[in-house]
Amino acid sequence: MTDRLSQSFPADRAALVAFVTAGDPTPADTGAILDALVEGGADVIELGMPFTDPMADGPSIQEADIRSLAAGTKTADIFNMAREFRQRHPDTPLVLMGYANPMTIRGSDWFANACVDAGVDAVICVDIPVEEDESLGDALRAKDVAVIRLATPTTDAERLPQILNNASGFLYYVSVAGITGQQQAAQASIEEAVTRLKAGTDLPVAVGFGVRTPEQAADIAKVADGVVVGSAIVEIVGEHGKDAAPYVRDYVKSLSDAIRTAREI
Amino acid sequence: MNDTPNSFRNQPDDRGHFGEFGGRYVAETLMPLILDLEKHYRAAQADPAFEEEFNDLLQNYVGRPSPLYYAESLTEEVRKDAPEGKGAQIWFKRDELNHTGAHKINNCIGQILLAMRMGKTRIIAETGAGQHGVATATVCARFGLPCTIFMGATDVARQKPNLFRMKLLGAEVVPVTSGAATLKDAMNEALRDWVANVHDTFYIIGTAAGPHPYPELVRDFQSVIGKEARAQMLERVGRLPDMLVAAIGGGSNAIGLFHPFLDDPDVKMLGIEAAGHGLDKEHAASLAGGGPGILHGNKTYLLQDEDGQITEAHSISAGLDYPGIGPEHSWLKESGRVDYDSATDKEALDAFQLLCRTEGIIPALEPSHAIAAVTREAVKMDRDKIILANLCGRGDKDIFTVAEALGTEI
């Protein structure tokens, strides 16, 4: 399954990695929004698992989690969304992103099996660092589900090899020390970080946190293998609710177009 | 069943695990920082000058050692309802007499000394009842560091005196409106601030929870309670108490009292969670009504649903209103070394008034839960037995809450 993920990072341009919160505004709406991401040109989909205490997220994703949970979204609903997405889009990689407690509450083996069953390619767990990898990573790797690691501006050269050990799928560079949806890092610091990370790994490096405009996405696309956009999409869902899909598609298309031409200039 | 370890006092392991609990479940951005904190804490532990400064401040600024007090009048009152020959002696460790009115200051002194060793120039903290916020604001004023306190908006409303105290001490208080706007949400917001300000900010966590090494270092700083109590008891009565009792929210006052006694097999220990409206209704008893999970950097017992979503706690005491508990308590429960029970809002209110009437001491609502349990236990124990409870805070901050609960206008 990791093949689907590696094939979605083409050599000649950056991939667009698009995040939405599962079940926002209701579980019934997520399918159309996921389709809109694909139609708009997203190469990789990150489906956020809502959590009551998303302490790494800014207000936009916090509010999305609250909307989703208030609408009654359960873990079983999220895997149903993933399973149906996989049937409609057999070639688009799907990554589950979220927090440790909802992922481990039934045991890591249960979660890994549910991922396989639903066609989930990879998992990003925000609050399981390499030091606690055994809580989830072993079970996922045993089922060939990629464990995507995060590197941040505070990850120094000494620590980086630990993060890269057992990493798969792609490496997610969190370009800002902070929470999601806030300011964007300076282009120069992103460029420096990507160069440093790529020296240590053959995995594609995707850069996220604070990316909002097509121009920002294009700038990152010039230096990185992937651009992650989350809060800005989630805000469109927040604004348009059940009618969000066409707005999401148009916005994602504007990002995708910018990324596809970024390296031509 | 569990094998009995050689010592109950050698946790956590070098990865910060207390058995299956504890650990370092934080975002990667914070991970280098907590590794650095651990390194500096180990260096401080090996530095006699650190201990000397800590002890000097505890003695001359906090007012330690706190007295060990035999509550004779309360003991006599409890004996009135006890069967013949029953009614254990009730003793209190008077940590409510500390500067700032609770045990929280012990830990804040230790952590701000660590923060300064690390060269940090800004302090953040979360607070529930406001006691930890006041203690943090106090040490920040004393050492001249700017301080931001995150406090749930619900708690801001019910703990106005402490809010004003923090402001007088120069702290910026940020009301947190997410979730139920209580302690859990204040902790989320403090973590969000920390991750965005890792370069200059030290997070003074108020309870023996969070990512390693916090549960260990908070316990160590609070263990002054148990060390003093153990020495005082030996000096006063020539033996150890038969039972220790302490209230538990996150569990810092309880672990501070218990830890120095853990390898004394004849000393029973009882931690008291907040049963709120009752264990079958809304409560804050993670051990009694929750299960193992991961939140705020550690694996521990949590109030949660089947999907691992955290459920809201309830207690009349803002300081106990938290859906988790320190990981060492989860381990001590599973190992069987410490027993855990609970007291309801109503039982705590009754105990609050009982202590006011019998001893002339207005306790905080947090230790009122422990006092409720002490009165329950004392009537079951022989008269020559000794129960020692931690009176971890004074009740000035709670008089408005208590007045409202009793239907009294002030």
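In this predicted model, B:Ile124 finds its bridge partner in strand 6 of chain B, namely B:Thr148. That pair belongs with a wider link: strand 5 (residues 122–127) and strand 6 (residues 147–152) of chain B run parallel and are joined by five bridges.

Zooming out, strands 5 and 6 of chain B sit in an open sheet of four strands, paired in parallel and ordered 7-6-5-8. Strand 7 (172–176) and strand 8 (201–203) of chain B take the edges; each has just a single partner strand, so one side of each is left without a neighbour in the sheet. The sheet isn't flat-out aligned either: on average, and ignoring direction, neighbouring strands are turned by 25 degrees against each other.

Then there is helix 8 (residues 183–196) of chain B, which packs on this sheet and touches strand 5, strand 6, strand 7 and strand 8 of chain B. The direction of helix 8 makes about 160 degrees with that of strand 5 of chain B.

Helix 8 also turns up where the two chains meet. The contact draws 28 residues from chain B and 31 residues from chain A. On the chain B side, the elements giving two or more residues are strand 2 (21–25), helix 1 (31–45), helix 8 and strand 11 (291–295). Of these, helix 8 of chain B gives the most, with six residues. As for chemistry, the side of chain B that touches chain A breaks down into 13 nonpolar, nine polar and six charged residues. Helix 8 of chain B thus shows up twice, packing on the sheet and giving the most residues to the chain B side of the contact with chain A.

Note on methods:
Residues are numbered from 1 along each chain as its sequence is written. Chains are lettered from A and ligands numbered from 1 in the order in which they are written. This is a predicted model: local features need pLDDT of at least 70, side-chain atom pairs count only at pLDDT 80 or more; totals for chains, interfaces and linings use all residues. Two strands pair if DSSP finds at least two bridges between them. Axes are lines fitted to C-alpha atoms, for helices over the stretch in contact, and angles run from 0 to 180 degrees between N-to-C directions. Two residues are in contact if their C-beta atoms, placed from the backbone, lie within 7 Å. Ala, Val, Leu, Ile, Met, Phe, Trp, Tyr, Cys and Pro count as nonpolar, Asp, Glu, Lys and Arg as charged, and the others, Gly among them, as polar.
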